[in-house]
Structure formats: structure tokens, C-alpha cells
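Biologist: I've got a model open on my screen and I'd like a close look at one part of it. Could you walk me through a chain contact in plain words?

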Amino acid sequence: MEDIIISVAQRTLIAGTPLLLGTIGEVICERSGILNLGVEGVMAIGAVTAFIVTFVTGNPWFGLLAAIVASAAISFIHAFVSISLQASQVVSGLALTMLGLGISGLVGKPFIGKPLTQKMGTWPIPVLADIPIIGPIFFNHGPFFYMAILLAVAAWFTLEYTRLGIKIRSAGENPRATEAQGINIYRIRYWCVIVGGAFSGLAGAHLSTSYSKSWIEGMTAGRGWIVIALTIFALWNPLRAIIGAFLFGGIFVLQYLLQPLGIPPNFLAMLPYISTLLILFIGALWDSRKLNAPAMLAEPYRRGDR
Amino acid sequence: MLKIKVTDRIDILPRHSFLSLVFSLAAGLLAISLIFLFSGVNPLYAIAKIFSGSFGSMYGLKETVTKAIPLILIAGGLTLAFRAKFWNIGAESQLLMGAIFGTWVGLNWGPHLPAAIIVPLMFLAGFIGGALWGLIPAILKIKFSINEVISTLMMNYICNEFMTLLIVGPWRGKTKFGFPYTDDLPLSAILSLIPGSRIHYATLLVAVVTVIMLGIAVYKTRFGYEVRVIGENPDAAKYSGIDFFKTTLIIMAISGGAAGLAGIGEVAGIHHYLSYPESISSGYGYTAIIVAWLAKLNPFYVILSAFFFAGILVGGDAIQISLGLPAATVQIFNGTLLVFLIMGDFFLKNQLTFQWRPKRN
Amino acid sequence: MLNEGPEAHQRPSLKIKEINGMKKIETLEMFNINKSFQGVKANTDIKLSIGAGEILGLLGENGAGKTTLMNILYGLYQPDSGAIRINGQEISIGSPVDSRRYGIGMVHQHFMLVQNHTVSENIVLGYEMAPLLFPQHKINEKILSFSKRFHFDIDPQKKVWQLSAGEQQRIEIIKALMNGADLLILDEPTSVLTSQETNELFQNLREMQAQGHLIILISHKLDEILEICDRVTVLQKGRIVGEAATKDVDKKTLARMMIGRDIIFRIEKEPMERKNKIITVDSLVVRGDKDLRAVKNVSFEIFRNEIFGIAGVSGNGQRELVEAITGLRRIESGKIIFEGTDITNKSARHIYNTGVAHVPEERIRYGVAPGLYLYDNAILKQHHKKKYSNKLFLAYNKIRQHAQHLLSDFNVLAPSVHVQTKNLSGGNIQKLILGREISENPSLLVASHPTYGLDVGATEYLRNQLLKRRKEGGAVLLVSEDLEEIFELCDRIAIMFQGEFMGILDAYDPRLKDIGLMMAGSLRL
């Protein structure tokens, strides 16, 4: 019984890791005022890049770095179109998803069915990993998990308690006021989109070099869309995202476990999406200000707008 | 240093629009070629194959028309929604809901009714299914200010799971050897095809008529006028007494319903039974967004635009077979063309002036 | 930096600029400044100078080019030509970052504050020396010390949306001062303040003046310029048309400089008999956006052949009152009877159909759909009427004809009806809106700040149209901040303050001399 709990908990944390990574990035991006619906595509790019580079070089860390670079690069397109061209962020994000999925499918084709010899290992934390029950659950994971937690806390801290964070949040709340202080809105938003993309790439890298050892088309399996829901569910707060990511991740894991009990897995799979709607619903009833949604999210801003 | 000033372009003539379109597509194709080149595929061969596969043969043309049918319907509905700035990303699931409702009618009432009755009933059910599913995000937006991009997106996934639940569980067919499919629709419910093709012409007719009606609605009716005002300036719409609530509901009922029609059309015309959501909807709901965009939200142009993108889809199948490229390759076309269309739109609406400013201390 | 002695608090600006190697501003001059926007000349050959310890007033009507000029000084715009000198040395200001480094700060008319953030976070945003980590906590002390110096009462942890207009303005001033501003530019600072808050502001300005700051005050209010400024420069249509020391001029002279002719403070209008009541507003209570009561128990009547004016500083409930009457806002309690029928809480369209037309306050935002053609906008409110549409279809021929008539009848300058509305000037758009609203011969025309931002010609035209309406048997409800306009046009004047009418007076009532007191809530009649 104990083993089942440990196993389920471990798998929950592993399943939630890419979700958390992607969400941190999307939170940063959205807080600066840009909506990026292309997470699914960017994640796929990250996954395929990490896989190929790891395959070729034998070192998953090169894969990770390459994934960050590639996903940041492709996110640049969305940044350019949304910020400099002020086009519809919705349409641009969807284009990014299609591009990302398409390119990754194309580029990854030759590598289907060829497993990695070297995947990202597990790093049990000495001493802590030996604690009964809690040890194996929390302290016996690959580097991606620890990175995700640390980065989530770092992102939260940066957004709330640093000058940079205030600038980012202000860019999303009131770009005109922010610019009047002499701050370059364009630059902040560009960086946030690109950094956000890098996080999605990290998530993808986790999928292809840590979670599994091989590449298949459609590896991301809709996780990018869950990230978008999760960003809202977490109310744009990276700390809440930690909880949310593992909640949603848990659903992935429990889906099939609860099947023998008569609960259809599809019903469980609906829950993340329904709960996101519920959160928005409740927020609307209470006070939308508490929702924390960046006031100018997805509104194009032209410099010098009166 | 070089300073670039961006200002609104004041006179936009139709020929500017056309040129911008041509340039976008050309630039897009160039970019796609580069991507192919980078991935070790001969771009000239690939692009030629795509176009010959879809337009170069009788078979290809017929397939293109077949794939254009749902695109026309969905994109037509989307032009209405997008004009009112209601970002309906949920056409994919509105299609599926239409398929579900229509199939239920077909399976349950079909056996006892002749084609002339059951087919219109199925279409009606399909429309209602899609319309209802589309109304939910509309209500969520009007009553609770919930952003429609998110709600329609979530509805896509909720519907996906719901439909899978149905076909794996209560709706699983008895004649399907345990596979997660429903039973076949009765013969009277199956749409006839143009001989030698897969074109279910009934749906095609419905699609073309719908789009024409939508075009007339947008440009000539009071309703279309109100939609355009809402999209242009929602504050002015409120001031002018336009009923936001009612108009938004009607828009989404029509948009969802059109997608629903496409859904039942696919089932009754091509598949004949419900299976996994992805195989029924095939991403039409998302592709239709680009179709509507390319058509500049003009319902009349949707037919051409849908035809074009259907051709890309068919061509994508062709190169999948002949070059062994993955199915996702088509997405590269969609994504790249969309990006360049957006860029082209930008240069159409804006004038760039270049200034040299002496660098100051 | 926070634990230095008292000296540091007296001139913190010195510290910042010492770090940057610059001295404080003794004199600032602008030479031959020219600026155009899309072919429209906003500033022509402007020369301006100001010295330490001086308060300079920049006077002009709306659209005279004052804000543009100051935005150039602040670095938001770049001049097409001309130079700026500080202490005799020519400098260039490429962005607000530059102007800040030189010691120039600006308090905008519309506050540039992030409503959802705290006071502290807002100040951090604009404060160059803010620490990287925990900035909003570390500068709290500094904020409090500034507040004490000027006798403000600011809680740095409060969210901005919780503060009053006067308090928000103080945050803007603190921001500028903390960044080391020697020269402070204030753009129409009193437009959102009560009389009391204005006095406090002027007191603060005098204190800053005494400490050697330079202050430029943009205003279109003659009284204020004369009260607080040492010198005044007058702009008209982008040019300087006059300069003087305020002790040497009076209101009439200034007004003449501003407009180029004498303002006739009373137009001769025919006295009209007041007998047909058109609308009765009875004990109206309306809630505003922030869930407070914006209109508290207002009652009045308007008759045919009269222009009824509501005077008062913007933000005292006028907007909510207008919205309630025209059906755009819910009425909590009270009644509105229009020509015998109860129109309380009826829909906007219904009210329009009964004969109430509305020229809205923000014309681009509410009055037109800018991207649509002129003929589309010509029927914005009437598109449902029988003569322009049957049940389904719009009669575009009739609509275009109607639009054509509007253009000629109301002097709207446009190449054709087939033009996108946003390409017209503000004045022409307003004429289109006015024409559209008047063309249906409404019994009551509600006009909200109708001449705001318009040039003199358009303003005069519009005012004459309102008088014409009055003569022809219509009634006009005019809401305006422009007292000159109110006196010129209205038969009766109500003064609104914090949701209530302080008094309803006849246009020739001598008690109107105290209108300022009523607008400030100090007198109720």
C-alpha cells in the first residue's frame, strides 16, 4: 500500500514538472501583458531539440541548453508579431502552435523509434532522500523537478519583490503609465515573451529527455493547453502554480488508476479545464480585481499612444 | 541613427489589399521552402507535390472540394464572430457537438424514417448541438466577463473528453467488435456522394448557401451592421442602443451552429459513425480560423480561401505518402502562411517612414 | 542613502545629480521649437524661458499646443526643430529618462498610475534609484519623509484605486521630486481637484518655489494663473501670442490674448417663455462605477425653448446623471418623466425613440465607430428606424443620402460620405454627431461637454446650433465645465457638487457671482 502511495506521488510530481515549468514562463509572459497561445508548439520545439541534441552529443545537458535556445528563438516570432506589429495575439499564438508542432514533427521524423542511450538522470538528495516515505517522494527526482520548484519560487520572488518585477507587472497593468516613467515597454515585453518561451522549451526538454527516452510525434499531448489553463488557475502567481501543476499532474496519473473503481478516466481528464472555468466564474462573482489578471493582457500597445 | 516611424495609412484601396495578400503568400512560401531545405527536404519538389496533389489531378480536386466543405461552413461562422471581436477558438468542439447531436438523431430515428426526413433532421440537430455549445462561452462572457479565448479553448478539451467518454462507454457500437466507435448510421441517414468522389453535395450546398446568407447579413442587414459596430467600438455600440446581450448570443449561436453543421456533415457524409474526436474534427476548427483570416472576414471570400486551404490539407496528405513526411507537416504551411498574412496586414494598415536622426550626445 | 542627515532630505535632487555630474537648474530656455503631427502644426517657433524660484503659467485654450510643448520638454516627443538650454548649455532630451536626469519632472493631467498597485510600487516604478530587491519596502521611509515635509497623509501600502484624485496627484508630485526634479511641469493640475485641494496644492507649490524649484503650470483657467503664477506665456493655435508678468495683467487682457478677441461673456439671446415642461427628474439616485452613489437625490425640470445647464468640476456626478437620463446607466431610485411617460430605467434605444438625443462626452470613444464610413456613423442611433431599414435590411441608398444632407447642413468638411470616420478632425466628427442627433428633431438634446477640445470656429458653430435648437422649440440639457459656455448659452444653471445640486439659478440671478463657492460645495442655495 505504501509503495502505491509513493509511486503515485512520485509520478504525480513528475507529471506536474513540465506543467509547472511551462506555467512559470506563461505567467511571466502574461504578466507583462502578452498572451502566448503558442505554448504547445514551443514545448514541442523544445522537446525535439533536446532530444536530437542529446541523441547526437550523448549529453542531455547540451540538449537542455539547445532546447532553451531553440524555444526562445521561435518565441521571438510571436514577440515580434504581437509587440512590434501589434497584431492579434490570439492569432499569432495559434500560428506559433501550428509552426511549432509542424516543425518539430518534421525535424523529429528521422528519430522516431530510436531511444536515447543517455537520458537525464535522477539526483537523489543525500540524507533527505532517505527519509521514509517523504524522501522518495520529494527528494529522489531528476534535475528538472528541482529546477522547476526553484525557478517557481525565484519567479514569484522576482515578480513581487524586485524592481524588475514591478516593471513587468506595471507593463501588463498600465503600459502607458509605465512608459511615461521612461521604461521601454517593448523591451520588457520582448524579454518576457522570450523567457516565457524558454520555459516552455525547458518543459519540452523534460518530456523528451527525462520523462521518456524516445521521441514520438505529438509528444506534448496537449500539455501546452493545460499550461494556459493552469496560468489562470494559478491566478498568475508562480507559487500557486506549483500547487496547481501537481494537482493537474495528479489527474493525469490518477486517470487510469481510478478506472477500476468505475470512474471514467475521461471524466477526470475534464477536471483541469472545468476547474479553470470555475475559478474564473467564482472570481467574476466576487471581485474581478482579486483575480489578479493583468489589466491590459492581450491589448496591443503602440508607443506614444495618447 | 535610423528611426522608423509608424503611422496609420489613410487610403487603403482594394488593389493594396490584393497586393498585400500576394506578397504575404509569396513570402510565406519562401519561408516554408527554407524550412523544408533546413530539414533536408527538397522544397521545390515538396511544394510542387502539394499543389499537384491537390489541384493537379481529378482525384486531388475532388478531395480538395471534400475538405473545403467543413472549412467553408466553419470559417463562414467565424467571420461573424471575429467581426464582433468575439474570439471563438472553440469551433473544433462546436463541430463535434454538432456531430454528436446529429449522430444521435441519425442512430435513433434514422431506422424508421426516409432519407428526405432524417437528413434535414440530422442537420437541424447538428446545428442545434453546435449552437448550444457555442452559446455557453457567449453567456460566460456577457454575464461573467470570462474571456472567450480561454472559455472556448477549455470547451474544446472538455468536449473532447466527453465525446471519448461517450464512444468508449454508453455509445459504443454493438457491431464494432469492441472498438470505441458507434454503430453505423442507417442507410437513409447517410449522405449521397457525387459519384466517383467523396463529395457529400448536400452539405456542400448547405455550406455555400450559408456563406452567401452570412455575406448578405454582414453587409446588408441591420443585424450585420450591429455586429460591425460592436466589433469596431463596443462603447459606441452600447451608446447607440445596440443590445449586446442579444447580438452576441445570436452571433455565437450562428457560429457554433455552422460548425455543428460541418460536424454532422462529416459524420453523415464521410465517416458514417462516430469515432475518436480527432478523426472527426481533424483540426478543421483551428484551420478555419486561418481560412477566415485569409478571407479578411468577408463571408463571400471564404469559399475561395477555404478551397485554398483545403488544397493544402490534401497536398499535405499527398506528400505524407510520397515523401514519408509526418502529418504535422501541413501545420508548417498553416502556421507560416498565417504569420506572413499577419505581417502583410500590418504593412497594409500602416505606413512606415524612415528618418535619419543625427546622433546626439 | 536613507540614513543621512537632514541636509540630504532638503535637497535630495542634489545628490542624484551630483552622481550624474550635473548641477541643479538655474535657468531653462526653449528656442524656436516646432512640432507637427501628420501635417498638423502643433507648435510653431516657440520661445520660452524660466528661472529658479519662478512659477510660469502656460495659458491657452484646449488644443493651443501647451501639452505638446511640455511633452517635448519632458521627452515624450521630439521637436522637429529647435533647441533647449539649461543654464546656458544646449542639451538634448530623447526620452523621459533624459529629462529626468536633467532634473525635469512632469505631473500629467491624466495620472500615470497603476491603479492595482500600491503607492509604494508606483513610486518605485518611476524612481531611478530604487533598490533592486524589496524596493517597495525600502523606499517607504523616504516616501513618508516627503509626505511629512509637505504635510501629506499618504499610506504607502494603500492601493492607488483607493485614493482620491488629490491624493493620487500628490503621489505624482512625490515621484517627480524623489527623482530629483528641479523643474516641475504640472498639466492642468486642478482639473480634478476640489477647491480645498487646489488651495493645498498652491500652498505646496509656493513652498517648492521658496526652495528654488522652477514650476511651469499649464492651465486654461484665468483665475488660477493670476493667483499662483509670477509670469504667464499665452499660446494660441500653437504660437506664442503674449507674455506678461501676472501682476501687470487682468483677466480680460489675458482672455483677449488667448482667443484673439474679447470674450463676450453674455451672448444676447432672445428671452423665451417657459411653459411646456418636457422632462421631470425626481429624487434621482444613481450609483457610479465604484459602487458609491454618484447622484444623490437630484430633482429638476426642463422646459421647451430653454437651455438648462449643469455646471461643476468634472467628476461630481454629471456623467452618471447624463447616463441615467439617456438610459445608459441603472437608476437606483427616483423617477424620470419625459413628456408624460415614465422613462426610468428604460433601454437606451427606447429613450432615444421617445425623443431624447445625446451628444456624448468622449466623442471618439462613445459617439462614433471610427473605422466605419461616415454614412454608417450617420445612422448610428437611427439604424433601427423604419425609414432606414425594414425588418431585416438596411436601405443604404437612403442612408447615404441622409449622410450627405448631414454633411452639408452641418458644415462637416469631408471629401465624401465614403470616408472612414476616423480620418476627420475632432471638430468635424463632433459636427457629424451633433447633426445626427439633431436631425431627428429631438424634444430634448443632452449635450455633454460638446465643445471640449474643439477649435474656436467649431465651438462657435456648435454653440449657435444649440441656441437654434432652443429657438425652434427644443430643449437642451448642457453639461459643461466651461463657465463661459454655461453663461453664454443657458437660461437656467444648476451647480453640481458631489452628486447633489447646490442650487438651480436663473441665468441673470445675481447670486451666480458665488458660483465658484457652489462648485466647491461651500454654498447651497
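How many residues does the contact take from chain A and from chain C?

Modeller: Sure, and bear in mind that this is a predicted model. The contact draws on 16 residues of chain A and 20 residues of chain C. Let's stay on the chain A side. Two helices there, α7 (163–173) and α8 (175–180), each supply at least two residues of the side that touches chain C. Of the elements, α7(A) gives the most, with five residues. Sort that side of chain A by class and you get five nonpolar, six polar and five charged residues.

It helps to set this beside the contact of chain B with chain A. That one takes 37 residues from chain B and 37 residues from chain A. On the chain B side, the elements giving two or more residues are α6 (148–168), α12 (284–294) and α14 (329–349). The largest share comes from α14(B), with 13 residues. By class, the side of chain B that touches chain A has 25 nonpolar, 10 polar and two charged residues.

While you have chain B in view, look at a helix pair inside it. The axes of α2 (residues 43–55) and α3 (residues 58–83) of chain B come within 5 Å and cross at roughly 80 degrees, so α2(B) is roughly perpendicular to α3(B). From α2(B), the contact uses Gly53(B), Ser54(B) and Phe55(B), while α3(B) brings in Gly60(B), Leu61(B) and Thr64(B). That contact of α2(B) with α3(B) has two nonpolar residues, four polar ones and no charged ones.

Terms used:
Residues numbered from 1 in each chain as written. Chains lettered and ligands numbered in written order. Predicted model: local features only at pLDDT ≥ 70, side-chain atom pairs only at ≥ 80, totals over all residues. Contact = placed C-beta atoms within 7 Å. Helix = DSSP H or I, 4+ residues; strand = E, 2+ residues; numbered from the N terminus. Nonpolar A, V, L, I, M, F, W, Y, C, P; charged D, E, K, R; others polar. Axes fitted to C-alpha atoms, helices over the stretch in contact; angles between N-to-C directions. Parallel < 35°, antiparallel > 145°, perpendicular 65-115°, else oblique.
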